[in-house]
Amino acid sequence: MSNIAGKAYAMNAVTPMHWYTAWMNKFFFWVSGRFTSFLGGLLTLSLIHYARWVIVKADQFPRLSPDQPKETLKYHYMIFFSNFNGSWDQYVDSFSSAISGGLDKFWIFSIKYPKSIPMLPFHRYITANQIWTDHYYNAYPMASSNDVKSARRVKDGLLAFMPNVERASPEEFQQKYNRLLLSLQHDLSQMDANQVVSLAASSVEHRLHKEIEKEKERLPVRQRAEM
């Protein structure tokens, strides 16, 4: 799949909004950037490499050449970019569970947004508005976001360790080296493909299937027959 590189998945979602609500969305972005309590749940999700929301006005889409016909768009568009570890289902579920209130504030002005809870309509909304990634490059495809953070801690530990042992005796070096290993023991691991993702994704898919069946049962018999 072109939007997957090793453990990482690239998502792009484009949602329309009316021009007169775009400025309110921009104001919320400004507030969120200065008061991170709005994003507290998002910051705890270690599976996220990157997440960004951008609003593009109807007249801001580029023309690649003078020969390209001018577009007259009815809506402004909010573009959401994100890179994360795990499956699509895991990510959308985690996002909805961790910052459901924040998500609603980000997307509340997007047309036909159903709110992030319950999850099934939210899943359908993201699926309908997701744009497939044609090319996705990841410099460290076997590294999760936690692996990257661990690598930085190991590097910082080694840089601090080296000048501290330049004049150390063999015995002192051994003692300091052992302390270094103890302090970094949770950050030393071998990167490899993550086989657990497929099992977790299968579990999520099974749960969603059960939710869909329950939703069908609540419909009149005639509507169920038409589905």
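In this predicted model, Asn-138 is in contact with Ala-5 and Ala-8, once its neighbours within four places in sequence are left aside. Asn-138 itself belongs to the loop between α5 and α6, the latter spanning residues 145-164. Although Asn-138 is part of a loop, its relative accessibility is 17%, and because buried means under 20% relative accessible area, Asn-138 counts as buried. The side chain of Asn-138 also has a polar atom that lies 3.0 Å from the backbone nitrogen of Tyr-140.

The strands of the chain form an open sheet of four members, arranged in the order β1-β2-β4-β3 and paired in antiparallel fashion. At the edges of this sheet stand β1 (4-5) and β3, and each of them has a single partner strand, so that one side of each is left without a neighbour in the sheet. The antiparallel strands β3 and β4 are joined by eight bridges; as one example of the pairing, Val-56 has Tyr-77 in β4 as its bridge partner.

With regard to the overall architecture, the protein chain contains nine helices in addition to its four strands, and these elements follow one another along the sequence in the pattern β-β-α-α-β-β-α-α-α-α-α-α-α. Among the contacts in the protein chain with a separation of 6 or more, 74% are accounted for by residues that are 24 or more positions apart. Of the 227 residues of the chain, 35% count as buried, while the area that the chain exposes is about 15,000 Å², of which carbon and sulfur atoms supply 57%.

The largest nonpolar core comprises 26 residues, and the members that touch the most others are Met-11, Trp-53, Phe-80, Tyr-91, Phe-95 and Trp-107. Both strands and helices contribute to this core, since at least two residues each are supplied by β2 (8-17), β3 (48-56) and β4 (76-85), and likewise by α1 (19-34), α3 (88-98), α4 (100-107) and α5 (119-129). Apart from this core lies another one, made of five residues, which include Val-154, Val-165, Leu-180 and Leu-184.

The loop between α4 and α5 deserves separate description on account of its backbone geometry. In general, most residues other than glycine have a negative phi, and most peptide bonds are trans. Lys-112, which has its place in this loop, is not a glycine and yet has a positive phi of about 65°. With a relative accessible area of 75%, Lys-112 is exposed. Lys-115 also has its place in the loop between α4 and α5, and its phi is likewise positive, at about 80°, although Lys-115 is not a glycine. The relative accessibility of Lys-115 is 44%, so this residue counts as partly exposed. Pro-118 is found in the loop between α4 and α5 as well, and the peptide bond that joins Ile-117 and Pro-118 is cis, with an omega of about 5°.

Methods
Residues numbered from 1 in each chain as written. Predicted model: local features only at pLDDT ≥ 70, side-chain atom pairs only at ≥ 80, totals over all residues. Heavy atoms only, no water. Core = buried A, V, L, I, M, F, W, Y, C linked by side-chain atoms within 4.5 Å. Buried < 20%, exposed > 50% of the residue type's maximum accessible area, 1.4 Å probe, protein only. Contact = heavy atoms within 4.5 Å. Areas by Shrake-Rupley, 256 points an atom, 1.4 Å probe, with all protein chains shown as cover. Polar contact = N/O pair within 3.5 Å; in protein donor to acceptor, adjacent residues only side chain to side chain. Pairing = 2+ DSSP bridges.
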